[in-house]
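Let's take a walk through this structure together. Have a look at the sequence and the fold, then read on.

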Amino acid sequence: MSFYVALMLFNLLAAVSAVVCTTRSYRRYGSTGRAVLAGFGGLMILPLLLVLATAAATPRATRLP
């Protein structure tokens, strides 16, 4: 897989996460400011989980000392 394809998928995952967090927050609280802040927080949630899962699944011998 090309680096650019992986980067585009990572950004797509972040965008979907932000939209989901924003809509859920706006439906729950009805505040636009709070929904925007939830969207910014959502930009990091799913990509961070993906990176952590990948790091945990990496064999120990391939990690840097």
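## Two helices in a spread-out chain

The protein chain here has two helices and zero strands; helices (H or I, at least four residues) and strands (E, at least two) are DSSP runs, numbered from the N terminus. Its radius of gyration is 15 Å, well over the 11 Å that the globule rule gives for 65 residues, so the chain is more spread out than a compact globule. That radius is taken over C-alpha atoms, and the rule is 2.2 Å times the number of residues to the power 0.38. Along its principal axes, the C-alpha trace spans about 50 × 25 × 15 Å.

A word on where this comes from: it's a predicted model, where local features need pLDDT of at least 70, side-chain atom pairs count only at pLDDT 80 or more, and totals for chains, interfaces and linings use all residues. Residues are numbered from 1 along each chain as its sequence is written, and side-chain values use heavy atoms, with hydrogens and water left out.

## Inside and outside

How much of the chain is buried? Buried residues make up 12% of the 65 residues. Buried means under 20% relative accessible area, exposed over 50%, and partly exposed in between (1.4 Å probe, protein chains only). The chain exposes about 5,400 Å², and carbon and sulfur atoms supply 73% of that. Accessible areas come from the Shrake-Rupley method with a 1.4 Å probe; for residues, only the protein chains shown count as cover.

Here are three residues to find:

| Residue | Helix | Relative accessibility |
|---|---|---|
| Leu-9 | H1 (residues 3–29) | 46%, partly exposed |
| Leu-12 | H1 | 51%, exposed |
| Phe-40 | H2 (residues 32–57) | 55%, exposed |

Leu-9 and Leu-12 belong to a nonpolar surface patch with Val-5, Val-16 and Val-20, with about 410 Å² of accessible area together. Patches are made of residues with over 30% relative accessible area and no salt bridge (like charges are joined within 9 Å, nonpolar side chains Val, Leu, Ile, Met, Phe, Trp and Tyr within 5 Å). A salt bridge is a side-chain nitrogen of Lys or Arg within 4 Å of a carboxyl oxygen of Asp or Glu.

## Distances and a ring

Phe-40 and Ala-14 are 26 residues apart along the chain, with their C-alpha atoms separated by 9.7 Å. Leu-12 and Ala-61 are 49 residues apart in sequence and 31 Å apart in space, C-alpha to C-alpha.

Which residue lies over the face of Tyr-29? That's Arg-34, at 3.7 Å from the ring centre. A charge sits over a ring if NZ of Lys or CZ of Arg is within 6 Å of the ring centre and within 35 degrees of the ring normal.
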